[in-house]
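Work through the exercises below with the sequence and the 3D structure open. Each task is followed by a worked solution.

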Amino acid sequence: MKQRRVALVPTMGYLHEGHLSLARLAAASSDVVIVSIFVNPTQFNNPADLATYPRDLKRDLDLLEKEDFKIVFAPHEDELYAEGFQSWVNVARLTETLEGAHRPGHFQGVATVVSMLFNAVAPDAAVFGEKDFQQLRVIEQLVKDLKFPVEIIRAPIVREDDGLALSSRNVRLSPEERSSALLISKGLFEARALFQKGERNGSKLTAVVHSQLSQSPLIAPEYVELVREDDLTPIAQAAPGARILLAATVGKVRLIDNLSL
Ligand code: AMP
């Protein structure tokens, strides 16, 4: 009998079109799609962020049902983290910068929960979005190093018509913050346009992003970095395969975005 190919789509719920695009991509190359929904407490370095993270399982299940995705894995916290839990997965170099530097312990939580999900579901493939580009690279490294027999499929970033990258956290933005948040993608697209016109100087490319972010007093940038996509090291000169990654808080909401040049 032919084995059915199973693809896993790990999410933290409060699903949007970005998550659904991952599930559709999973369906395109697999027989069975399993969407996991789990707000993983160990990847939150900020308790307030965890407490305010939007959750609505009923809404998520309705959305998936409409799209014909019928298999959902939504474990309870103590099913994954039993009492006395003490085994952690660490990816070293790739997690030292960017999100890893600003969110201590974040990627340890991510690598650990993804390892548990892979063991629980045993998928042939798993889909991760480029929206969390460093996370995607960390998972690719994890799978390579620890030899998980799972193919990692990259999914492009889904944006609103006006450019804002979809995120579950966007529902927490006030209308005013929502329009300020637009400056994030605006800055990234402006940097890319400048690159396409021939600019290669890294500081100049990130400066146009900063200049957009500085248009709103509601935005506090955390980092804007030009890096090489493969190892995420910062570069002074942009070349093909370079990407700008950024994090900023808009009001109280922390957002990340990135764009390949
Ligand atoms: P999250 O629920 O935020 O942990 O995201 C679950 C998965 O969906 C991750 O692989 C994310 O990279 C991906 N994802 C989230 N937002 C987007 C988006 N706007 N476009 C593409 N993928 C996304």
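**Exercise 1.** In this predicted model, find which backbone atoms lie 2.9 Å from the ligand and state how much of the ligand the protein buries.

Solution.
1. Start with nitrogen: a nitrogen atom of the ligand is 2.9 Å from a polar backbone atom of Leu166.
2. Next take the area. The ligand taken alone exposes 480 Å², and 93% of that is buried by the protein.
3. Turn to oxygen. A polar backbone atom of Gly129 lies 2.9 Å from an oxygen atom of the ligand.
4. Met12 also has a polar backbone atom 2.9 Å from an oxygen atom of the ligand.
5. Apply the cut-off: a polar contact is a pair of N or O atoms within 3.5 Å, so the pairs with Leu166, Gly129 and Met12 qualify.

**Exercise 2.** Describe the shell of residues around the ligand by size, origin and class.

Solution.
1. Count the shell: 17 residues surround the ligand. The closest are His19, Gly129, Asp132, Val158 and Leu166.
2. Assign elements. At least two residues of the shell come from each of β1 (6-11), α1 (17-28) and β4 (125-129).
3. Identify the main contributor: α1 gives the most, with three residues.
4. Sort by class. Nine shell residues are nonpolar, six are polar and two are charged.

**Exercise 3.** Locate the ligand among the cavities and describe the lining of the cavity that holds it.

Solution.
1. Count the cavities: there are two of 30 Å³ or more.
2. Place the ligand, which sits in the largest cavity. The space in the largest cavity is about 860 Å³.
3. List the lining. It has 48 residues, and those nearest the centre of the cavity are Met12, His19, Lys131, Asp132 and Gln135.
4. Assign elements: β1, α1, α6 (106-121), β4, α7 (133-146), β7 (242-250) and β8 (253-260) each supply at least two lining residues.
5. Identify the main contributor. For this lining α6 gives the most, with six residues.
6. Sort by class: the lining has 24 nonpolar, 15 polar and nine charged residues.

**Exercise 4.** Give the volume of the largest pocket and characterise its lining.

Solution.
1. Take the volume: about 320 Å³ of space lies in the largest pocket.
2. List the lining, which has 17 residues. Closest to the centre of the pocket are Val91, Ala92, Arg93, Leu94 and Gln141.
3. Sort by class. The pocket lining divides into seven nonpolar, four polar and six charged residues.

Methods. Residues are numbered from 1 along each chain as its sequence is written. This is a predicted model: local features need pLDDT of at least 70, side-chain atom pairs count only at pLDDT 80 or more; totals for chains, interfaces and linings use all residues. Side-chain values use heavy atoms; hydrogens and water are left out. A residue is near a molecule or strand if one of its heavy atoms lies within 4 Å of it. A polar contact is a pair of N or O atoms within 3.5 Å; within protein, one must be able to donate a hydrogen and the other to accept it, and residues adjacent in sequence count only if both atoms are side-chain atoms. Accessible areas come from the Shrake-Rupley method with a 1.4 Å probe; for residues, only the protein chains shown count as cover. On a 1 Å grid over the protein atoms alone, a cavity is a set of points where a 1.4 Å probe fits but cannot get out, and a pocket is an open set with protein on both sides within 12 Å along at least five of seven lines; lining residues have an atom within 4 Å of a point. A molecule sits in a cavity or pocket if more than half of its atoms lie within 2 Å of its grid points. Helices (H or I, at least four residues) and strands (E, at least two) are DSSP runs, numbered from the N terminus. Ala, Val, Leu, Ile, Met, Phe, Trp, Tyr, Cys and Pro count as nonpolar, Asp, Glu, Lys and Arg as charged, and the others, Gly among them, as polar. Grid points are joined across faces, edges and corners, and a volume is the space filled by probe spheres set on the points.
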